[in-house]
Amino acid sequence: MPAAKPQRAVTEDRPDAPPQELLEEVRRLRRDLVHAQERIAELEARADVDPLLDVLNRRGFERELTRSLAYFARYGTRAGLIFIDLDGFKPINDIYGHTAGDALLKAVAATLVSRVRASDVVARLGGDEFCVLMWNADQNLVAAKALDLEAIIAQARIEYSGANLSVGASAGGVALRAGITAAELIAEADRAMYARKKSKRG
């Protein structure tokens, strides 16, 4: 009579039960994957933010505006867009240098953020151009707020190398409406801003 075979280990009877080392490796890979996904999400978020001013850049703002237009089309909530161009900013850079210009841009951005509601969105589109997305605002309120922002930007000042630096601003606003893209709405607000700039020149 043949001798009885020795009982095999539990893991050999259950090939679906991996060794402890494999389990640890799976856990480690899962942790690495979670960390990588968090890092990707962080980098994607930072890609939408202006690194100097810590407000949305054009890419991020166009994304936000596209979402807002979809919300507007569905629910009909009133909203508006203000386009702002700084007046007299180039001479600041030319005379005092880009460090002074950057400091002044930071002051302008901080002023804008402090003077709009938490639900509103401030962005730098590039150079010395800014946009503000306003919620619960009709065309009249948008136009009034554009004038208000011109005035408060003119009051923003910095001290640099013994000089008291400031800039002016021209702002134009439009109301959100259905059937228009984010890029088209920004272009429309840009035209309203240039009309305002032209009227100030007389």
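**Figure 1. Salt bridge between Asp87 and Lys200 in the predicted model.** In this predicted model, the side chains of Asp87 and Lys200 form a salt bridge with an N to O distance of 3.1 Å. Asp87 belongs to strand β1 and Lys200 to helix α7 (residues 182-201), so the pair ties together parts that are 113 residues apart in sequence. Asp87 is partly exposed, at 22% relative accessibility. Lys200 is also partly exposed, with a relative accessible area of 38%. Through shared partners, salt bridges join Asp85, Asp87, Lys197 and Lys200 into one network. The search of the whole structure finds 14 salt bridges, and Figures 2 and 3 give further examples.

**Figure 2. Salt bridge between Arg78 and Asp138.** The side chains of Arg78 and Asp138 meet in a salt bridge at 3.5 Å, N to O. Arg78 is in the loop between α3 and β1 (79-87), and Asp138 is in the loop between β3 (129-135) and α6 (139-155), so this pair ties together parts that are 60 residues apart in sequence. Arg78 has a relative accessible area of 48% and is partly exposed. For Asp138 the relative accessible area is 29%, and this residue too is partly exposed.

**Figure 3. Salt bridge within helix α3.** The side chains of Arg58 and Glu62 form a salt bridge with an N to O distance of 3.5 Å. Both residues lie in helix α3 (residues 58-75), and their spacing of four residues is about one turn of the helix. Arg58 counts as partly exposed, at 33% relative accessibility. Glu62, at 26%, counts as partly exposed as well.

**Figure 4. Aromatic cluster of Tyr71, Tyr75 and Trp135.** Across the whole structure, two aromatic pairs are found. In one of them, the ring centres of Tyr71 and Tyr75 are 4.6 Å apart and the ring planes are at 45°, so the pair is tilted. Tyr71 and Tyr75 are four residues apart in helix α3, a separation of about one helical turn. Tyr71 is partly exposed, with 42% relative accessibility. The rings of Tyr71 and Trp135 have centres 5.8 Å apart and planes at 85°, so this pair is edge-to-face. This second contact links distant parts of the chain, with Tyr71 in helix α3 and Trp135 in strand β3, 64 residues apart. Trp135 counts as buried, at 14% relative accessibility. The ring pairs thus link Tyr71, Tyr75 and Trp135 into a cluster.

**Figure 5. Nonpolar cores.** The largest nonpolar core has 31 residues, of which Ile82, Ile84, Leu86 and Phe130 touch the most other members. Two or more residues of this core come from each of β1, α4 (89-96), α5 (98-114), β3, α6, β5 (163-166) and β6 (168-175). The element giving the most is α5, with seven residues. A second, separate core has 21 residues, including Phe83, Cys131, Leu185 and Ala189. In soluble globular proteins, nonpolar side chains tend to be buried together.

**Figure 6. Surroundings of Ile82.** Ile82 is one of the residues that touch the most other members of the largest nonpolar core. With neighbours within four places in sequence left aside, the contacts of Ile82 include Phe130, Cys131, Val132 and Met134. Val142, Lys145, Ala146 and Leu149 are also in contact with Ile82. Ala171, Gly172 and Gly173 complete the list of contacts of Ile82.

**Figure 7. Packing of α4 against α5.** Helices α4 and α5 pack at an angle of about 140°, and their axes are 6 Å apart. On the α4 side, the contact is made by Phe89, Ile92, Asn93 and Tyr96. On the α5 side, His98, Ala100, Gly101, Leu104 and Leu105 take part. By class, this contact of α4 with α5 has six nonpolar residues, three polar residues and no charged residues.

**Figure 8. Gly179 and Ala70.** Gly179 is in the loop between β6 and α7. Its relative accessible area is 84%, and Gly179 is therefore exposed, being over the 50% cut-off. Gly179 and Ala70 are 109 residues apart along the chain, and their C-alpha atoms are separated by 9.7 Å.

Note on methods: Residues numbered from 1 in each chain as written. Predicted model: local features only at pLDDT ≥ 70, side-chain atom pairs only at ≥ 80, totals over all residues. Heavy atoms only, no water. Salt bridge = Lys/Arg side-chain N within 4 Å of Asp/Glu carboxyl O. Buried < 20%, exposed > 50% of the residue type's maximum accessible area, 1.4 Å probe, protein only. Phe/Tyr/Trp six-rings, centres within 6.5 Å; stacked < 30°, edge-to-face > 60°. Core = buried A, V, L, I, M, F, W, Y, C linked by side-chain atoms within 4.5 Å. Contact = heavy atoms within 4.5 Å. Axes fitted to C-alpha atoms, helices over the stretch in contact; angles between N-to-C directions. Nonpolar A, V, L, I, M, F, W, Y, C, P; charged D, E, K, R; others polar.
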